[in-house]
Amino acid sequence: METQLVLEKWPGAVSTVSIGAKKEEGGTRSCSIKIGGESALPLLFKEGSIPNKPKIAFEVWDIAPCDWPEELLAAYGEEINDPLAWADKCVNKYKAELLCVKMQGAHPDFGNKGTGESAKFISRLLSRVNVPLVIIGSDDDTKDNLIMPAVSEAAKKERCIIGCAVQDNYKTLAASALADGHSLIAQSPIDINIAKQLNILISDMGLAFERIVMDPTIGALGYGLEYAYSIMERARLAALSGDKTLACAFICFIGQEAWKTKEAKSSIEQGIVWEAVTASSLIQAGADLLVMRHPKAIEKVNNFIEILYSTPRL
Amino acid sequence: MQKFKVTFLPDNLTIITEKDKTILSAAISAGIYINSTCGGDGICGKCKVVVSKGDVISQPNGIITASERKNNVYLACLASIQGDLEVVIPDSSRLNFDKLTPEELAERLSGLYSKAEDIRPQKAKFEDKVFKHSPFATKLYLELPEPTLSDSISDLERLYRALRKFEEFPVIQTGLFNIRQLGRLLRDYEWKVTVTLGKRNNTVEIVLIEPGDTSQKNFGLCFDIGTTTISGQLVNLNSKKILGTKAAYNQQAAFGSDVITRILHAAKTEGLKQLHNAVSDTMNQIIKELILEHNVDLNNVNCIVCSGNTTMIHLLLNMDPAHIRKEPYVATANFLPVIRAAEAEININSRGLLSCVPGVSSYVGGDTTAGVLSSGIYQKDVPCILIDIGTNGEIVFGNKDFLVACAASAGPAFEGSGVTSGMRASSGAIQKVSINKGDFSVKYSTIADKKPRGICGSGYIDLLSEMLEAGIIDKSGKIKVGGSRIRQSDSGREFVVCFKEEAGGNRDIVINESDIENLKRSKGAIYSAASILVKHLGLDFSVIHKFYIAGGFGTYLDVDKAIKIGLLPDLERSKFVFIGNSSLAGAREILLSAQAMDMAEKLVSKITYFELSVDPGYMEEYSQALFFPHTDLTKFPTVKFNG
């Protein structure tokens, strides 16, 4: 006897964010990638529309990474010491669809690069690779408030995602995103109320909810992943129930969390699995854009996404 | 023990004190009250003094800046006396114990009597409840028939027989003191005496027997003993007429601004006695002024009814409040028997009676019972809410069928404590604010139109709402950059409400980001407590018919602005009724009617106390309320900011 599935119908939907502007849209990217847009919980294809697959962005820095395990660095070979070549390798060798550039070199403790230098780096990166970009600051609020407006302007009309705005420091970034046509990452500390408050504050600045991507802050497998999972689940349930202030796509910084763990540092095989499992778990919580580090982990997760999205659908 | 001379300036008061005593405790002994919100823990920084001569040792602290240290500024609570001293106490560190001016008082009590009714015409309060006039102390003039051989019952029984002709009292009690003089008194004064009866439930006590007819001279007092303010009212018990009302600050403030700090102080040596003296002194002072101004003989003031939170009543009666603070939060007594006022060291007729309005629990006291009584929500067919916006933020929800109460630990921010330029609602407090959206210039009005000295609760509500409207702060309370009134401070950015040149003081009147954080927590606590209380019964705010706002600000409250900042829920504005001091009003009803006291006792057993901290949803609800107006904007559909 055939079982009748009980289907939930949701009044709300997550907004769709386009990353990258093609020539006809005023940019120079080879393609434009869409994330978000779901009107159902993750993978429950029959309950609503899930128009876009989760996407993975390769994480690259504007300097050679300083705290990545040796064996992770080795995955990129010599090119890791030349950020532009590194980015190029991600795109051409590993077929990255997206890059997430972290302006770590601007941090006072890691090179303290100036505004001009940071902006120039982005210009050169844009001419070297043609995939859509996510650009995030150095994690130093004061410094980011100086460089990010210039960095954002250097990528004007390229329709990037820039970040990360936090509750105590969101205005400069929001103003830049607004001025230069980017979307904005709103980062909250595993707290659904702050996530929502930050989205409201940003939208009060004039940036539409549709141009906000939420970073719920995640923990790696074994390091609080379940907290992130449940916060994402709650936010998504609220969004689908019609709460516009939470109806934003999720970005998850998988690589930076997974490669901090002692398990990942102790063996490269374990590290790859650790990163891949963290990513695939959060895909089930609703992650739309994953920022990852190891090409092999990314390959595994991409395969996983393919399987999820091609098996006969319930 | 070495002793030293300490001279306080500009008072020029000198006292002898022991080595190692703090300047704060020396000042209290000298009768000078210094601000000490934290109760002497060295945290609040309100007790700065200048040591102009002599040696002190002070514990290091983060409050005194380097330049202040150079100028010999110390925290009075941390500086211990090491030699003869001269100490200058600046005005900003003093507790202002001036009595409220008549205008302030009129303002403060406006919700009850006249003014606020002009603005908010609802007279919902006393509309449908009339207690039978039967005052707590009743005087009866008796002309007894002389005994004869055929009518030879005893003097006392003769007296009882005459009394029972007035009313069928089932039990009459008389103290030996009165019985001893009865025989002489009746015979010396031709069997004509006035008897003062004290009433409680079905029992009456003969309090006093006086010669002749004094029955026209029967007065009583009702008191609201607040953590911050003590208000007292003199009432003619025969005519029900209010002769006068006075308010003064609770001098216990010198030992800490909230009940918890005071409970902690009570545990110190002499602490309980100090706290008791502070409250009884304040009350006696008020009583003295009331009877002098209204030409009433203290001997004709026969009774007093006190309403206050559980801790205040404990301290009044010199009972140790320690267990109120400790789990499972149990008071020594919520129902107290009628006692002699003299036992609490309150000066009225030496045999006069004192009664306390019964409380519900350790954190929902007699002031709440009195509020329920005077607001009349216990008689309504439809659900209503009573909120007392004070440090303890008591909330009662219900109608004639049910009543639930909770206490929201809102903190003292809306009473002007724990905020940089905060002050109580007394003269010179900024209470209304409007801000120009273009240049951020500020227009304000102060209580009694005095030069501004600080900002009181209603001023903060106005200020926050105006700052949101003008875009000076965002919805999380962060101050934006720019303009001559915005600058960086040690506690985040600050906005200057009034420059010192204009204020005439020595400091600018400001609000900084950490003040806003405090106020946000206070308003969040009150809103979320009310919300969770209503939700606990499976209901929401939309079912509420009337919203009674009591106490706290005392004077003026802009409901619309209070909604804009999310202190009150976004309901139709006409549902809000500002009722002023409901605790004092309830105490007066009890003073005038034994029926009201019976009702108060019934109410206590009817009110269910709901402990917020055990509700799993409370923290979530509270964090959502930490935003202006609220994280869930759909709960505040009419609130829009143009800034």
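This is a short tour of a predicted model, moving from the interface of chains A and B to a few spots inside chain B.

**Stop 1: the interface**

Start by showing chain A and chain B together. Select the residues that touch across the boundary: you should have 13 from chain B and twelve from chain A. Putting the two chains together buries about 1000 Å², and carbon and sulfur atoms account for 49% of that area. Now pick out D474(B), F627(B) and T631(B) on the chain B side. This trio supplies 39% of the area that chain B buries against chain A, more than any other three residues.

Next, switch on the side chains and look at the charges. How many salt bridges does the rule find across the interface of chain B and chain A? There are four. For one to zoom in on, select D168(A) and K478(B): their side chains meet in a salt bridge, with 3.5 Å from N to O. Polar contacts are there too, with six residue pairs across the interface of chain B and chain A, both partners at pLDDT 80 or more. If you colour the chain B side of the interface by class, you'll get three nonpolar, four polar and six charged residues.

**Stop 2: α7 and α8 of chain B**

Hide chain A for now and select residues 259–266 of chain B, which form helix α7, along with 271–293, which form helix α8. The axes of these two helices are 6 Å apart, and the packing angle is about 125°. That angle falls between 115 and 145 degrees, so α7(B) counts as oblique to α8(B). To see the contact itself, show R262(B), H265(B) and A266(B) from α7(B), then G271(B), L272(B), Q274(B) and L275(B) from α8(B). By class, the contact has three nonpolar, three polar and one charged residues.

While you're here, click on E270(B), in the loop between α7 and α8 of chain B. What is odd about the sign of phi in E270(B)? Phi is positive, near 65°, and the residue is not a glycine.

**Stop 3: two cis peptide bonds**

Jump to L9(B) and P10(B), and check omega: the bond between them is cis, with omega near 0°. P10(B) sits in the loop that links β1 (3–9) to β2 (13–18) of chain B.

Then go to E327(B) and P328(B), which are also joined by a cis peptide bond, with omega about 0°. Here the proline, P328(B), belongs to the loop between α10 (322–325) and β16 (339–340) of chain B.

**Stop 4: α16 and α17 of chain B**

Finish with residues 582–592 of chain B (helix α16) and 594–606 (helix α17), whose axes come within 5 Å and cross at roughly 125°. That crossing angle makes α16(B) oblique to α17(B). Show E589(B), I590(B) and L592(B) in α16(B), and you'll find them meeting A594(B), A596(B), M597(B) and A600(B) in α17(B). Colour this contact by class and you get six nonpolar residues, no polar ones and one charged.

Technical notes. Residues numbered from 1 in each chain as written. Chains lettered and ligands numbered in written order. Predicted model: local features only at pLDDT ≥ 70, side-chain atom pairs only at ≥ 80, totals over all residues. Heavy atoms only, no water. Contact = heavy atoms within 4.5 Å. Buried area = accessible area lost by both parts, 1.4 Å probe. Polar contact = N/O pair within 3.5 Å; in protein donor to acceptor, adjacent residues only side chain to side chain. Nonpolar A, V, L, I, M, F, W, Y, C, P; charged D, E, K, R; others polar. Axes fitted to C-alpha atoms, helices over the stretch in contact; angles between N-to-C directions. Helix = DSSP H or I, 4+ residues; strand = E, 2+ residues; numbered from the N terminus. Parallel < 35°, antiparallel > 145°, perpendicular 65-115°, else oblique.
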